[in-house]
Amino acid sequence: MAESKEDKIERLMREGLNHYGMGAVGEAVRSWREVLRLDPDHADARDFVATAEEAAHAAVPPPRPPKAPVKAEVQEHAAAELAPGEDDATLDDLVREGQRLVREQELEAGLDLLEAVARRDPMRLEVHGHIEEVRSRLLKRYRDRMGDLGGVPRLSLGLSDVMKFNLPAHAGFMLSLIDGDTSVGDIVSLSGMDSFEALRVLNGLLDAGIVSLGSAVRRDRRNESVG
Amino acid sequence: MGRVIGIDLGTTNSCVAVMENGQPTVIPNAGGYKTTPSMFAISQDGKRLVGHLAKRQAITNARNTVYASKRLIGRRFDAPEVQKAIDLCPYEIVRGPNDDPRVRIGEKTFTCPELSALILREMKRVAEEHLGEPVRDAVITVPAYFNDTQRQCTKDAGKIAGLEVLRIINEPTAAALAYGFGKKREEKIAVYDLGGGTFDISILELGSGVLEVLATGGNTFLGGEDFDRRLVAHLLERFQEAEGIDLRADAMALQRLKDAAEKAKCDLSTRDVTEINLPFVASDARGPRHLNLEVTRETLEGLVDDIVRQTIKIVESCLNDAGLTREQIDQVVLVGGQTRMPLVQNLVTELFGKRPHKGVNPDEVVAVGAAIQGEALLSEDKNLLLLDVTPLSLGIATFGGHFAKLIERNTTVPVRKGHIFTTTRDNQSAVKIRVLQGESETASENDLLGEFVLSGIRPARKGEPEIEVSFDIDANGIVSVSARDLATGKEQSIQVNATGTLSDEEIQRIIDENELYEVQLKE
């Protein structure tokens with residue numbers, strides 16, 4: 001039985017995401033362009049091609065092939081853990097929900113959900129492709145917000161107010177690196193995290209109003225002792 | 001000639017000072033700190049970090065962060081100090097082609113002078129930013145027990161960093177200079193130096209403008225960082241008791257704990273109690289967990305008392321080596337940030353029966369002394385200039401495995417001395433001159449600085465040829481040796497370029513590589 005146009009588009013979209021998830025950006029773009037040839041108004045295909053081409057021009061690191069699953073010791077985004085016992089159909093629904101959020105530009109929420117699915121079923125290559133595509137878009141958004149990474153973040157709230165938030169440990173670590181002197185670029189280097197993850201955490205702190213961006217001020221530490 | 005900076009190139013922290021309007025000024029870095037951690041790292045994203053930035057990720061990126069390379073510089077790879085460092089350090093120490101220890105970070109291997117040069121370059125940059133002019137000349141300090149190879153390697157490091165090293169001086173000498181000692185009368189001075197990573201005790205005798213090191217002692221693996229480790233262990237235990245969470249395997253938490261412990265330790269030098277607050281240090285099913293603990297001075301002192309007491313025996317042994325009692329010590333000087341701790345100051349007072357001098361900041365005093373010496377060299381003021389001495393005896397290996405001293409330790413430098421040697425076999429046509437530094441009468445127990453061969457000796461019975469061996473030590477304590485056959489006039493000489501030091505070609509290669517890196521950064 002011949003493949004219908006809708007089935008072919010769905011297959012090509014999935015293949016494109018699989019390629020993108022494996023770091024084969026060129027193959028991914030070819031699949032999505034084929035979708036656009038079949039349906040010039042396909043919004044997802046158009047967005048995915050734009051993201052991939054923009055990332056290539058901006059010298060953003062290429063998407064990473066999926067690693068072997070690592071047991072997470074700390075919950076990274078508390079909202080996005082799945083209850084035990086989800087079957088494939090449920091995970092399919094969650095992937096579609098994640099894709100919907102992404103289409104509506106709720107990139108972080110969409111990414112959280114897709115990452116939760118990937119943790120549950122690491123063999124879903126098309127989910128990895130989605131994740132990498134959303135990360136590329138988010139990385140651009142973070143960099144646009146933070147400029148050339150020379151800006152200096154500062155705490156906007158007192159400690160007692162910060163303690164009211166529900167932050168994971170690596171956000172606490174990021175907060176400990178913010179001293180009103182160290183630039184975003186240096187904080188990313190000091191964090192030891194993947195630069196996307198570091199910027200993601202910083203962006204979260206900015207969104208929550210815990211931190212604001214400014215320029216550096218030279219301090220006089222004459223009265224501070226040094227060990 | 002422009003300004004001369006004085007640099008205390010410390011094991012854990014470095015400091016730079018300069019004379020301004022006749023007064024020594026310690027120069028703060030861009031962050032406002034007057035000392036800079038002697039640390040270098042390559043971050044996960046490939047950025048080179050020096051000083052405070054390197055320190056702030058030393059635990060989360062331990063494998064790629066180098067500290068205390070001063071413990072390695074100028075030593076052989078098989079030396080006990082290097083082997084101990086290999087056991088303790090998280091970064092990789094490998095054997096270099098000259099049998100010297102080198103550090104591998106990722107694909108790149110660094111020599112020890114190169115690592116020291118990275119710190120020196122940072123101190124040079126700090127000085128230039130403050131002074132608003134290029135800086136070329138420097139006086140750099142080293143421990144009194146550093147041998148010729150270690151001094152040469154430190155000089156090489158200065159060269160790589162773009163500095164003309166006018167003088168290498170001993171750290172206790174610099175400390176004594178900072179306090180203005182030695183101008184008026186004869187005095188015996190004890191310099192108690194407890195820094196971040198090492199403990200050194202030096203007994204000096206000043207007289208007639210000459211500063212003589214009578215004895216030194218110490219422990220190169222005892223310092224303030226051991227105090228920090230004890231406090232971190234204490235905090236980990238208390239947090240686990242309170243929250244049921246073990247943070248020992250959490251590098252991010254450990255980094256925060258280490259930084260907080262060091263700050264708390266410093267606070268407790270002036271306060272009786274301090275609070276440590278680390279919000280969101282962990283999380284579990286209950287949600288975020290916070291560390292909020294109070295630490296008293298009494299608790300800290302209880303944790304580290306045995307470490308401080310380890311210095312007692314070392315001091316007593318050093319006094320014994322110097323042939324002095326504590327009553328004969330006129331002045332006691334404190335060096336190193338850890339000596340700010342009241343427990344340490346009380347112990348020093350108890351040990352020597354007198355209060356130590358602490359008018360100059362103990363973590364700045366060596367740099368201040370180096371700056372004073374630098375100014376004296378510029379102005380050629382003989383009143384200010386303290387002559388230094390060679391710290392170790394110098395000689396050659398002779399027949400039967402003996403050591404023939406040509407220059408005794410504590411001889412004022414510069415100095416030149418010679419002695420006539422002869423052959424040990426009939427018709428011996430060449431002699432091998434093995435240059436050694438140390439105090440043992442057995443050649444093999446001293447440090448080999450270098451060796452060379454003088455050939456072409458005319459056939460003669462043993463004992464007849466006359467070979468004049470001359471030693472020349474310059475003001476930095478760096479050695480040149482020559483051997484001359486008095487019959488033929490044939491001569492061979494070396495500036496001792498012992499195992500572990502870099503050739504001129506290697507130094508230039510490193511300079512070129514670092515310049516290339518600078519260019520890449522600006523792009």
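The exercises below, each with a worked solution, concern a predicted model.

Residues are numbered from 1 along each chain as its sequence is written, and chains are lettered from A in the order in which they are written. Local features need pLDDT of at least 70 and side-chain atom pairs count only at pLDDT 80 or more, whereas totals for chains, interfaces and linings use all residues, and side-chain values use heavy atoms, with hydrogens and water left out.

**Exercise 1.** Describe the surroundings of R71(B), and state which side chain of opposite charge is nearest.

*Solution.* Begin with the location: R71(B) sits in the loop of chain B that runs between β7 (65-67) and α2 (80-88). Next, take burial and charge together: R71(B) is buried (under 20% relative accessible area, 1.4 Å probe, protein chains only) but has no salt bridge, the nearest side chain of opposite charge being that of E81(B), 6.1 Å away. A salt bridge would require a side-chain nitrogen of Lys or Arg within 4 Å of a carboxyl oxygen of Asp or Glu. Then look for a backbone partner: the side chain of R71(B) reaches the backbone oxygen of T220(B) at 2.6 Å. Finally, list contacts (heavy atoms within 4.5 Å): leaving aside neighbours within four places in sequence, R71(B) is in contact with residues including T11(B), E81(B), G197(B) and F221(B).

**Exercise 2.** Determine which residues touch the most other members of the largest nonpolar core, and which helix gives the most to this core.

*Solution.* A nonpolar core is a set of buried Ala, Val, Leu, Ile, Met, Phe, Trp, Tyr and Cys residues joined through side-chain atoms within 4.5 Å. The largest has 52 residues, of which Y192(B), I201(B), I203(B), L247(B) and F352(B) touch the most other members. Helix α8 (residues 297-322) of chain B gives the most to this core, with 10 residues. Turning to F352(B), and not counting residues up to four places away in sequence, one finds that F352(B) touches, among others, A190(B), I201(B), V315(B) and L319(B). A second, separate core of 48 residues includes I27(B), A85(B), V135(B) and I160(B).

**Exercise 3.** Characterise the interface of chain A and chain B by its residues, buried area and salt bridges.

*Solution.* Start with the residues: 32 of chain A are in contact with 36 of chain B. The two chains bury about 2,800 Å² between them, 58% of it on carbon and sulfur atoms; this is the accessible area (1.4 Å probe) lost on being put together, summed over both parts. Across the interface the rule finds 2 salt bridges, and D179(A) forms a salt bridge with R56(B), their closest N and O atoms being 3.4 Å apart.

Terms used
Helices (H or I, at least four residues) and strands (E, at least two) are DSSP runs, numbered from the N terminus. Buried means under 20% relative accessible area, exposed over 50%, partly exposed in between (1.4 Å probe, protein chains only). Lys and Arg count as positive and Asp and Glu as negative; His and the chain ends are not counted. A polar contact is a pair of N or O atoms within 3.5 Å; within protein, one must be able to donate a hydrogen and the other to accept it, and residues adjacent in sequence count only if both atoms are side-chain atoms.
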